[in-house]
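Please take me through this model in the viewer, telling me what to select at each stop and what is to be found there.

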Amino acid sequence: MSDFWVFGYGSLMWNPGFDHTRSQQALLRGAHRSLCVYSWVHRGTEERPGLVFGLDRGGACRGMAYKVSASDRDQTIEYLRAREQVTMVYLEAWRKVTLQDGETVNALTYMVDRKHPQYAGALPLDEQLGIVLEAVGKSGRNPEYVLNTARHLGELGIQDHNVAWLASRLGGPPRRG
């Protein structure tokens with residue numbers, strides 16, 4: 001067993017929930033952040049789903065990478081599976097990410113499973129907004145999730161035009177830190 005990296009692109013950026021020895025911005029190529037997952041648990045219910053971010057194929061995604069020590073490996077992966085795989089909408093995968101300092105590392109990522117019934121695909125922004133406004137799940141209101149993600153992207157200097165558009169309609173543009 002050795003140290004490993006975890007890539008976060010949504011709530012893992014602002015609430016990783018696991019011990020790590022190092023963190024820095026990172027770029028993942030071949031997938032992009034997308035509000036493409038119907039949330040049946042954390043930000044919605046099966047009756048009234050919310051939307052959460054997934055890594056969908058194509059493009060690139062800037063996010064955060066967290067280095068986890070080998071001694072925390074099993075408990076961190078167990079925690080991430082319990083958090084991210086409640087309904088098995090994500091596929092656990094190892095992907096190369098480029099850290100801000102230029103180093104390339106393999107990172108544990110959670111890619112959306114396009115075959116899963118919770119996969120929403122590329123919904124128009126107006127439709128995303130309507131869903132987000134109405135949804136609440138066990139982790140809170142869906143707008144809070146989108147706004148927290150937008151705020152942290154802004155603090156990190158990461159531009160995501162779709163997230164910024166949604167945030168501007170949910171309570172204003174993200175604040176810069």
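## Two pockets and a helix pair

In this predicted model, begin with the second largest pocket, which has a volume of about 320 Å³. Select His-32, Arg-33, Ser-34, Asp-160 and Asn-162, which, of the 22 residues that line this pocket, are the closest to its centre. Then colour S2, S3 and helix H5 (161-170), the elements that each give two or more residues to the lining of the second largest pocket; S3 gives the most, with five residues. Coloured by class, the lining of this pocket divides into 10 nonpolar, seven polar and five charged residues.

Next, move to the largest pocket, whose volume is about 450 Å³. Here the selection to make is Ser-11, His-42, Val-52, Arg-83 and Glu-84, the closest to the centre of the pocket among the 25 residues that line it. Helix H1 (11-14), strand S2 (22-39), strand S3 (50-68) and helix H2 (73-84) each contribute at least two residues to the lining of the largest pocket, and by class that lining has 14 nonpolar, eight polar and three charged residues.

Finally, return to H5 and add helix H3 (residues 125-134): the axes of H3 and H5 come within 10 Å and cross at roughly 50°. The two helices, H3 and H5, are therefore oblique to each other, and their crossing is right-handed. To display the contact, select Leu-125, Asp-126, Gln-128, Leu-129, Val-132 and Leu-133 of H3 together with Asn-162, Trp-165, Leu-166, Arg-169 and Leu-170 of H5. The residues of this contact of H3 with H5 comprise seven nonpolar, two polar and two charged.

Notes
Residues are numbered from 1 along each chain as its sequence is written. This is a predicted model: local features need pLDDT of at least 70, side-chain atom pairs count only at pLDDT 80 or more; totals for chains, interfaces and linings use all residues. Side-chain values use heavy atoms; hydrogens and water are left out. On a 1 Å grid over the protein atoms alone, a cavity is a set of points where a 1.4 Å probe fits but cannot get out, and a pocket is an open set with protein on both sides within 12 Å along at least five of seven lines; lining residues have an atom within 4 Å of a point. Grid points are joined across faces, edges and corners, and a volume is the space filled by probe spheres set on the points. Helices (H or I, at least four residues) and strands (E, at least two) are DSSP runs, numbered from the N terminus. Ala, Val, Leu, Ile, Met, Phe, Trp, Tyr, Cys and Pro count as nonpolar, Asp, Glu, Lys and Arg as charged, and the others, Gly among them, as polar. Axes are lines fitted to C-alpha atoms, for helices over the stretch in contact, and angles run from 0 to 180 degrees between N-to-C directions. Angles under 35 degrees count as roughly parallel, over 145 as roughly antiparallel, 65 to 115 as roughly perpendicular and the rest as oblique. A crossing is left-handed if the near helix is turned anticlockwise from the far one by less than a right angle, and right-handed if clockwise. Contact means heavy atoms within 4.5 Å.
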